[in-house]
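Trainee: Got a minute to go through this one with me? I'd like to start with the strands.
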Amino acid sequence: MEEAIAANLAAVHSRIEAAARTAGRDSADVSLIAVSKTQPADAVRAALAAGQRVFGENRVQEALAKFPELREAYPDLVLHLIGPLQTNKVKEAVALFDVIETLDRPRLAEALAREMQRSGRRPECLIEINTGEEPQKAGIAPTEADAFIADCRDRLGLPVTGLMCIPPADEEPALHFALLREIAKRNALGVLSMGMSADYETAVRFGATHVRVGTAVFGARRPLPAALAAK
Ligand SMILES: *Cc1c(COP(=O)(O)O)cnc(C)c1O
């Protein structure tokens, strides 16, 4: 497993470099987030041994079960929350994550602001934009993005640094990446988290500063342990 993960990481890095070169970008401006959801701690350890330091998890409980111990061994580890955040998990999320990518509704913004005030911890926040305006999907509608960003930054004082999106599965992702870039640009936000295993090279061409890659690094996702799946 260890060798496969190291080889996968090297392959993804070289594809990011090639995509950046094509776009006239410096690949140092693109950060690879290794998405370790459903993977055991040993898989994360193998990635750490290969030099990977930035990880993404989509459940607070699962991340809590894996990462505090790994962090002690690797203090420079950086952890992103990339899944939906319930307001009753805000306290744990603020304590654990360095970046919360899924700020997707006013109530969550209020809860994050309160908890940051209380704890003094201020993880970076990205605002999730529902670029495809899919009713079942989380995120702020593109037409409401400017007002929501302003509210989070100016009224609530949240450390908003950028945007993230998950394009509709059946559409050309490039259009969504371009829209996300446009919204970020007019709001002077520098961070763009976009692109997954199937489309991260396209995302790099469209300006991604962070790509979230799971299966291309770790292989197929594993079934969740029952104890976590229930939560
Ligand atoms: C699981 C997940 C990813 C990684 O997906 P892969 O296709 O395995 O690369 C990226 N972003 C989010 C929000 C995810 O939930």
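Mentor: Sure. Keep in mind that this is a predicted model. Strand S1, residues 31–35, pairs with S8 in the parallel sense, over 4 bridges.

Trainee: Which residue is the bridge partner of Ala-34 in S8?

Mentor: Val-213.

Trainee: And S8 itself, what covers its faces, or which side chains are buried there?

Mentor: Both faces of S8, residues 210–213, are covered. His-210 and Arg-212 are buried on one side. Val-211 and Val-213 are buried on the other.

Trainee: Arg-212, noted. Where else does Arg-212 turn up?

Mentor: At the largest pocket. Arg-212 is among the lining residues nearest the pocket centre, along with Lys-37, Ile-166, Met-196 and Arg-221.

Trainee: How many residues line the largest pocket?

Mentor: The lining has 26 residues. By class, that is 12 nonpolar, 6 polar and 8 charged. The space in the largest pocket is about 540 Å³.

Trainee: Switching to charges. How many salt bridges does the structure hold?

Mentor: The structure holds 13. Take Arg-15 and Glu-201 as one of them. Their closest N and O atoms are 2.7 Å apart.

Trainee: Why does that pair tie together parts of the chain?

Mentor: Arg-15 sits in helix H1, residues 2–22, and Glu-201 in helix H8, residues 200–205, so the salt bridge joins parts that are 186 residues apart in sequence.

Trainee: Are those two buried or exposed?

Mentor: Neither. Arg-15 is partly exposed, at 42% relative accessibility. Glu-201 is partly exposed too, with a relative accessible area of 24%.

Trainee: What about Lys-66 and Glu-57, buried or exposed?

Mentor: Both are buried. Lys-66 forms a salt bridge with Glu-57, and the closest N and O atoms are 2.8 Å apart.

Trainee: Which residue does Arg-155 form a salt bridge with?

Mentor: Glu-110, with 2.8 Å between the closest N and O atoms. That pair links distant parts of the chain. Arg-155 is in helix H6, residues 145–155, and Glu-110 is in helix H5, residues 106–119. They are 45 residues apart. Glu-110 is partly exposed, at 29% relative accessibility.

Trainee: Which residues are linked in a network of salt bridges?

Mentor: Asp-42, Arg-45 and Glu-69.

Trainee: On to the rings. How many aromatic pairs does the count come to?

Mentor: The count is 1 aromatic pair. Phe-55 and Phe-67 form it, 5.9 Å centre to centre. The planes are at 50°, and the pair is tilted.

Trainee: Why tilted?

Mentor: Because an angle under 30 degrees would count as stacked and one over 60 as edge-to-face, with the rest as tilted. The angle here is 50°.

Trainee: Where do the two rings sit?

Mentor: Phe-55 is in strand S2, residues 54–57, and Phe-67 is in helix H3, residues 60–73. They are 12 residues apart, and the pair links distant parts of the chain. Phe-55 is buried, at 0% relative accessible area. Phe-67 is buried as well, at 0% relative accessibility.

Trainee: Last one. Where is Glu-172 found?

Mentor: In the loop between strand S6, 160–164, and helix H7, 173–186. Glu-172 is partly exposed, with a relative accessible area of 46%.

Trainee: And what separates the C-alpha atoms of Glu-172 and Gly-56?

Mentor: A distance of 24 Å, with the two residues 116 apart along the chain.

Terms used:
Residues numbered from 1 in each chain as written. Predicted model: local features only at pLDDT ≥ 70, side-chain atom pairs only at ≥ 80, totals over all residues. Heavy atoms only, no water. Buried < 20%, exposed > 50% of the residue type's maximum accessible area, 1.4 Å probe, protein only. Helix = DSSP H or I, 4+ residues; strand = E, 2+ residues; numbered from the N terminus. Pairing = 2+ DSSP bridges. Salt bridge = Lys/Arg side-chain N within 4 Å of Asp/Glu carboxyl O. 1 Å grid on protein atoms, 1.4 Å probe; cavity = no way out; pocket = protein on both sides within 12 Å on 5 of 7 lines; lining within 4 Å. Points joined across faces, edges and corners; volume = space filled by probe spheres on them. Nonpolar A, V, L, I, M, F, W, Y, C, P; charged D, E, K, R; others polar. Phe/Tyr/Trp six-rings, centres within 6.5 Å; stacked < 30°, edge-to-face > 60°.
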